[in-house]
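Thanks for coming. I have one structure to go through today, so please have the sequence and the model open.

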Amino acid sequence: MLFRSRGYFHAAALAGFDLRAVAAWVSGADPHLPEQILVSVGAHQWAMTLAELRSEAHKTAATVRMVMSRALSFMADPALAVSVLPGPGEGFDIADFLNQRGTLYMIAESVSTEAPVAPLSAALAAEIHHTAAQLGQASRSGRLDPPLLMGLDEVTQICPVPLPSWLSDSGGKGIQVTAVLHGEAQ
């Protein structure tokens, strides 16, 4: 599923489009456009992967679209959509944030089984984790110094990140992960 979704994001980035285009493509608008964009830069394999979503494997395609549609559902809220569509020079620079030893609080309410912004929160947390790991590996010590603390409360509902893999190697990268769960089932 990841292989299919990355084609949409890559096509949007190549064409200078934002998440609104990705959300529209996932909903079925202009299904050939992301493929054409990818073919124009020689990314034929990614274009073919997107073309599979129009193939006879209707259940698989529907599942991919459903998962991506849920992940991008926050785009239906104009205030949330604006928050991920900054103007030129207004974006959140993660490397600068980490170098300045900044503090970021992401607060969301869990309306039902998960927060409506859970995929957005997870994506931001994952990008911060990834950038911190890269900066740490590029440093002389091979780890982020001072370390980054990622305190995650309600991690399964508010910010569903790949916690097992993060816990297995983050410490060696200079990233401290503290997760709070409110029951054994979580």
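How much space lies in the second largest pocket? About 790 Å³. Keep in mind throughout that this is a predicted model. The pocket is lined by 30 residues, and those closest to its centre are Leu104, Leu148, Leu149, Met150 and Gly151. Strand 1 gives the most to that lining, with six residues. Helix 7, helix 8 and strand 1 each supply at least two.

Now the overall layout. The protein has nine helices and two strands. Reading from the N terminus, the order is α-α-α-α-α-α-α-α-β-α-β. There are 186 residues, and 31% of them are buried. If you take the contacts with a separation of 6 or more, 65% are between residues 24 or more positions apart.

Next, strand 1, which covers residues 148–153. In general, side chains in a regular strand alternate between the two faces of the sheet. Here Leu148, Met150 and Leu152 point to one face and are buried. Leu149, Gly151 and Asp153 point to the other face and are not buried. Strand 1 pairs with strand 2, residues 175–180, in the parallel sense, over six bridges. One position to look at is Gly151, whose bridge partner in strand 2 is Thr178. Between the strands comes helix 9, residues 163–169, and strand 1, helix 9 and strand 2 together make a right-handed β-α-β unit.

On to helix 8. Helix 8 has 21 residues and reaches 30 Å from its first C-alpha to its last, close to the 30 Å expected at 1.5 Å a residue. Its buried residues include Ala118, Ser121, Ala125, Ile128, His129 and Gly136. What covers the buried residues of helix 8? Helix 7, strand 1, helix 9 and strand 2 are among the elements that do.

His129, which lies in helix 8, is a useful example. Is His129 buried or exposed? His129 counts as buried, because its relative accessibility is 5%, and the cut-off for buried is under 20%. Leaving aside neighbours within four places in sequence, His129 is in contact with Met150, Trp166, Ser170 and Ile175. Of those, Met150 is one of the buried side chains of strand 1.

A few backbone points. Most residues other than glycine have a negative phi, and most peptide bonds are trans. The bond joining Asp145 and Pro146 is cis, with omega about 0°. Pro146 is in the loop between helix 8 and strand 1.

Asp30 has a positive phi of about 45° although it is not a glycine. Asp30 sits in the loop between helix 2 and helix 3, and it counts as exposed because its relative accessible area is 52%. Arg101 is not a glycine either, and its phi is positive at about 60°. Arg101 is in the loop between helix 7 and helix 8, and it counts as exposed because its relative accessibility is 60%. There is also Gly28, which follows helix 2 and has a positive phi near 105°. Within helix 2, the buried residues are Ala21, Val22, Ala23, Trp25 and Val26.

Last, helix 1, residues 2–15, where Ala13 is found. Ala13 counts as exposed because its relative accessibility is 58%. The C-alpha atoms of Ala13 and Ile37 are separated by 9.9 Å, with the two residues 24 apart along the chain.

Note on methods
Residues are numbered from 1 along each chain as its sequence is written. This is a predicted model: local features need pLDDT of at least 70, side-chain atom pairs count only at pLDDT 80 or more; totals for chains, interfaces and linings use all residues. Side-chain values use heavy atoms; hydrogens and water are left out. Buried means under 20% relative accessible area, exposed over 50%, partly exposed in between (1.4 Å probe, protein chains only). Helices (H or I, at least four residues) and strands (E, at least two) are DSSP runs, numbered from the N terminus. Two strands pair if DSSP finds at least two bridges between them. A crossover is right-handed if, with the strands pointing away from the viewer, the path from the first strand over the helix to the second runs clockwise. Contact means heavy atoms within 4.5 Å. The expected span of a helix is 1.5 Å times one less than its number of residues. On a 1 Å grid over the protein atoms alone, a cavity is a set of points where a 1.4 Å probe fits but cannot get out, and a pocket is an open set with protein on both sides within 12 Å along at least five of seven lines; lining residues have an atom within 4 Å of a point. Grid points are joined across faces, edges and corners, and a volume is the space filled by probe spheres set on the points.
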